[in-house]
Amino acid sequence: MPELPEVETTRRGLEPHLKGRRIVEAESRRPRMLRRQPRERDFADRLRGRRVLGLRRRGKFIFADLEGDLTWVMHLGMSGRMQVADPGETEAPHTNVVVRTSDKEIRFVDPRTFGFMSVLTHEEFDESPLARLGPDALTELPRSRELATRLAGRRPAIKTLLLDQRLVAGIGNIYADEVLFRARVAPHREGGSLTSREVSAIRAAIRPVLEAGLKYGGTSLSDLAYLLPDGRAGQYVSRLKVYGREDAPCRRCGTPIRRSVITQRSSYWCPTCQT
């Protein structure tokens, strides 16, 4: 579930506890968490004793730049979250990775284990799918004309294309629905069928939706799978216009919100506003 606003909020929450700090040790308790690490034992070995030079984000990924030209990659998956804790503090269930500095523990909690971590060299990074991520949806959003070119002739639904991280990186299921509602475009429309005005409307909707999600700390749903690193819940859920609101009245026109399944993902939309 964590998307760009949740991941950026997480990055900001981690930064004071990692930037400039030296990692004392690291441990992974589930091999699945290191499935993107070329050699599993390299994860702890490469982190141990390294100083964190800085944290950055691209799409749904957090990257920590380490001494020695290494990159610590963090991806939260569907249910993952990062927790900053004091040593000895009771661990949350499903704490799968623990990275320790001199005074804090950075814990990766992930019940469904779709998330992962790795520590990569430049060569390994360039050979991985990370090198093929599209432009960041918040900081590198292409102009409307370039987006239209990328969508031209594409038959998949626009909802599906927005979830393709090679088009733009960072938009997931929740914010794709919110973007399309704001743009007044139905999620099942073929990408190649959109007019230049509709593409411009989608582009114009992306930044405000993501910035609003970021402003309110992301979206914590009822399962509280996503929490900020300090344990607080994101507050954007009360401001969602369509996502998760099946049969509830549209906040714009009052028509009941519909739920459709598009490429095996639930999509929420207003049949009146999104023609």
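## Exercises on cysteines, charges and contacts

In C253, the sulfur lies 3.6 Å from the closest cysteine sulfur, that of C270, which is too far for a bond. Keep in mind as you work that this is a predicted model.

**Exercise 1. Work out how many disulfides the structure holds, using C253 and C270 as your test pair.**

Step 1. Recall what is being sought: a disulfide is a covalent bond between the sulfur atoms of two cysteines.

Step 2. Set the cut-off: the two sulfur atoms must lie within 2.5 Å.

Step 3. Check from the other side. For C270, the closest cysteine sulfur is that of C253, at 3.6 Å, so a bond is ruled out by distance.

Step 4. Give the total: the structure holds zero disulfides.

Step 5. Add the surroundings. C253 is partly exposed, with 36% relative accessibility, whereas C270 is buried at 0%.

**Exercise 2. Explain how the salt bridge between E67 and R22 connects the chain.**

Step 1. Start with the principle: side chains of opposite charge can pair when their charged atoms come close.

Step 2. Apply the distance test. A salt bridge needs a side-chain nitrogen of Lys or Arg within 4 Å of a carboxyl oxygen of Asp or Glu; for R22 and E67, the closest N and O atoms are 3.0 Å apart.

Step 3. Place both ends. E67 sits in the loop between β3 (61-66) and β4 (70-75), while R22 sits in the loop between α1 (4-18) and β1 (25-28), so the bridge ties together parts that lie 45 residues apart in sequence.

Step 4. Look at exposure. E67 is partly exposed at 24% relative accessibility, and R22 is partly exposed at 42%.

**Exercise 3. Describe the salt bridges R100 to E27 and D136 to R57, giving location and burial for each.**

Step 1. Take R100 and E27, whose closest N and O atoms are 2.8 Å apart. This pair links distant parts of the chain: R100 is in strand β6 (residues 95-100) and E27 in strand β1, 73 residues apart.

Step 2. Note the burial of each end. R100 is buried, at 17% relative accessibility, but E27 is partly exposed, at 29%.

Step 3. Turn to D136 and R57, with closest N and O atoms 2.5 Å apart. Here D136 belongs to the loop between α3 and α4 (144-151), and R57 to strand β2 (residues 52-58), with their positions 79 residues apart in the chain.

Step 4. Check burial again: D136 and R57 are both buried.

Step 5. Widen the view. Salt bridges with shared partners join E25, E27, R29, E91, R100, E105 and R107 into one network. The count for the structure comes to 26 salt bridges.

**Exercise 4. Find the residues of one positive and one negative surface patch, and place one member of each.**

Step 1. For positive charge, pick out R182, R184, K215, R239, K241, R251 and R252, which form a surface patch.

Step 2. Place K215: this residue is in helix α7 (residues 196-215) and is exposed, with 64% relative accessibility.

Step 3. For negative charge, D69, E123, D126 and E127 gather in a surface patch.

Step 4. Place E123: helix α3 (residues 122-127) contains this residue, which is exposed at 55%.

**Exercise 5. Examine the backbone of R184 and D247.**

Step 1. Read off the angles. R184 is not a glycine, yet has a positive phi of about 65 degrees; D247, also not a glycine, has a positive phi of about 75 degrees.

Step 2. Locate each residue. R184 lies in the loop between α6 (173-183) and α7, and D247 in the loop between α7 and β9.

Step 3. Classify exposure: R184 is partly exposed at 44%, and D247 is exposed at 60%.

**Exercise 6. Set the separation along the chain beside the distance in space for M74 and F116, then for L224 and R100.**

Step 1. M74 and F116 are 42 residues apart along the chain, with their C-alpha atoms separated by 6.3 Å. M74 is in strand β4 and is buried, at 1% relative accessibility.

Step 2. L224 and R100 are 124 residues apart in sequence, and 25 Å apart from C-alpha to C-alpha. L224 belongs to the loop between α7 and β9 (258-262) and is partly exposed, at 44%.

Key: Residues numbered from 1 in each chain as written. Predicted model: local features only at pLDDT ≥ 70, side-chain atom pairs only at ≥ 80, totals over all residues. Heavy atoms only, no water. Buried < 20%, exposed > 50% of the residue type's maximum accessible area, 1.4 Å probe, protein only. Patch = residues over 30% accessible without salt bridge, like charges linked within 9 Å, V, L, I, M, F, W, Y side chains within 5 Å. Areas by Shrake-Rupley, 256 points an atom, 1.4 Å probe, with all protein chains shown as cover. Lys, Arg positive; Asp, Glu negative; His and termini not counted. Charge placed at Lys NZ, Arg CZ, Asp CG, Glu CD. Helix = DSSP H or I, 4+ residues; strand = E, 2+ residues; numbered from the N terminus.
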